[in-house]
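Work through these exercises with the model open. Each task is followed by a solution in steps.

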Amino acid sequence: MELRVFTEPQQGASYDQLLAVARCAEDAGYDAFFRSDHYLMMGQASGAPGPTDAWTTLAGLARETSRIRLGTLMTAATFRLPGPLAITVAQVDAMSGGRIEFGVGTGWFEAEHQAYGIPFPPLAERFDRLEEQLAVITGLWQTPAGQTFDFAGKYYTLTDSPALPKPVQSPRPPVLLGGMGAKRTPRLAARFADEFNLPFVPVDDTAAQFGRVRDACAAIGRDPAELRWSNALVLCCGRNDAEVRRRAEAIGRDPDELRENGLAGSPAEIVDKIGRYAGVGSQRIYLQTLDLADLDHLELVAAEVMPQV
């Protein structure tokens with residue numbers, strides 16, 4: 001089981017805070033540092049000092065870390081055109097020496113679109129656009145050097161693209177898709193994904209959705225073993241109940257609720273729950289870390305959970 005750090009900077013974080021978390025994660029032995037791609041805080045958070053752009057952040061971290069992998073859960077397809085996005089991700093992959101992973105989804109948070117003037121089409125259109133974006137981005141990356149790429153879709157058309165730059169990773173950076181959609185999500189994952197991720201989903205629901213994706217793979221003749229399978233869960237670990245409660249209160253959550261819906265409790269409790277996800281096929285856990293100032297939290301999990309999973 002691989003453990004990865006997952007942050008939500010829209011809740012309030014500067015680049016320097018994210019850099020400190022990424023460096024702590026790298027030094028502690030985590031496999032990757034991921035961040036959300038949002039432009040507006042959620043819930044009661046102030047959001048100060050304001051949003052940071054996901055790919056600008058990862059470009060900086062690419063130059064200021066050396067080992068840890070870097071990525072998004074999930075880049076919103078509504079935010080960027082696919083051609084320029086393919087260029088951006090390929091460039092950041094080169095800046096990192098080939099450590100980028102590309103999580104992408106439809107986009108779902110309507111308020112952030114309204115706040116920053118981003119069009120927010122209906123869900124069916126967002127899925128259509130995501131499918132075209134995946135075809136364009138992976139097509140650009142995988143076009144052989146010296147050849148051009150063309151694409152004629154309903155929403156995006158490319159003509160005689162030189163399909164440059166190429167990412168360092170070949171044939172492309174890993175593509176992550178996820179979500180609980182019962183039909184289109186499994187089909188898109190089977191066609192395009194290198195990893196399938198489920199955020200904040202119970203074990204039983206994880207098993208059911210992993211099964212749908214495996215069925216979708218079988219329907220197109222793809223071996224499901226080619227995919228990595230993962231979950232994202234909020235983290236709240238403590239050496240004792242008082243420390244668990246302190247960390248829960250710092251992020252505005254109840255310890256009992258977090259034990260039910262996240263990864264909360266003692267290191268032993270967290271190891272046990274991770275084991276239940278492993279039992280239904282999960283291979284990676286993204287630890288949603290909400291208090292970015294509490295680096296001791298990550299160090300505790302690295303010391304007392306990571307060796308046991």
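**Exercise 1.** Find which residues Arg-253 touches, leaving out those up to four places away in sequence. Then decide whether Arg-253 is buried, partly exposed or exposed.

*Solution.*
- Step 1. Note that the model is predicted.
- Step 2. Place the residue: Arg-253 sits in the loop between helix 8 (241–250) and helix 9 (255–261).
- Step 3. List the contacts. With residues up to four places away left out, Arg-253 touches Val-234, Ala-248 and Leu-258.
- Step 4. Look at the side chain. It makes a polar contact with the side chain of Glu-257, at 2.9 Å.
- Step 5. Check the distance to Cys-236. The two are 17 residues apart in sequence and 9.5 Å apart in space, C-alpha to C-alpha.
- Step 6. Classify. Buried means under 20% relative accessible area and exposed means over 50%. Arg-253 has 29% relative accessibility, so it counts as partly exposed.

**Exercise 2.** Test the length of helix 3 (residues 82–95) against the expected span. Then state what its buried residues pack against.

*Solution.*
- Step 1. The expected span is 1.5 Å times one less than the number of residues.
- Step 2. Helix 3 has 14 residues, so it should span 20 Å. Its end C-alpha atoms are 20 Å apart, which agrees.
- Step 3. Pick out the buried residues of helix 3: Pro-82, Gly-83, Leu-85, Ala-86, Val-89, Ala-90, Val-92 and Asp-93.
- Step 4. Recall the helix geometry: with 3.6 residues a turn, residues three or four places apart point the same way.
- Step 5. Name the partners. The buried residues of helix 3 pack against helix 2 (54–64), strand 4 (75–76), strand 5 (100–105) and helix 5.
- Step 6. Look just past the helix. There Gly-97 takes a positive phi of about 75°.

**Exercise 3.** Classify the aromatic pair formed by Phe-34 and Tyr-286. Which strands hold the two residues?

*Solution.*
- Step 1. The ring centres are 5.0 Å apart, with 75° between the planes. Planes over 60 degrees apart count as edge-to-face, so this pair is edge-to-face.
- Step 2. Phe-34 lies in strand 2 (residues 32–35) and Tyr-286 in strand 12 (residues 284–289). The pair therefore ties together parts that are 252 residues apart in sequence.
- Step 3. Check burial. Phe-34 is buried, at 0% relative accessible area. Tyr-286 is buried too, with a value of 0%.

**Exercise 4.** In the largest nonpolar core, find which residues touch the most other members.

*Solution.*
- Step 1. This core has 73 residues; Tyr-30, Phe-33, Trp-55 and Phe-102 touch the most other members.
- Step 2. Helix 5 (residues 123–142) gives the most to this core, with eight residues.
- Step 3. Apart from this core lies another, of seven residues, including Phe-6 and Phe-34.

Key. Residues numbered from 1 in each chain as written. Predicted model: local features only at pLDDT ≥ 70, side-chain atom pairs only at ≥ 80, totals over all residues. Heavy atoms only, no water. Core = buried A, V, L, I, M, F, W, Y, C linked by side-chain atoms within 4.5 Å. Buried < 20%, exposed > 50% of the residue type's maximum accessible area, 1.4 Å probe, protein only. Helix = DSSP H or I, 4+ residues; strand = E, 2+ residues; numbered from the N terminus. Contact = heavy atoms within 4.5 Å. Polar contact = N/O pair within 3.5 Å; in protein donor to acceptor, adjacent residues only side chain to side chain. Phe/Tyr/Trp six-rings, centres within 6.5 Å; stacked < 30°, edge-to-face > 60°.
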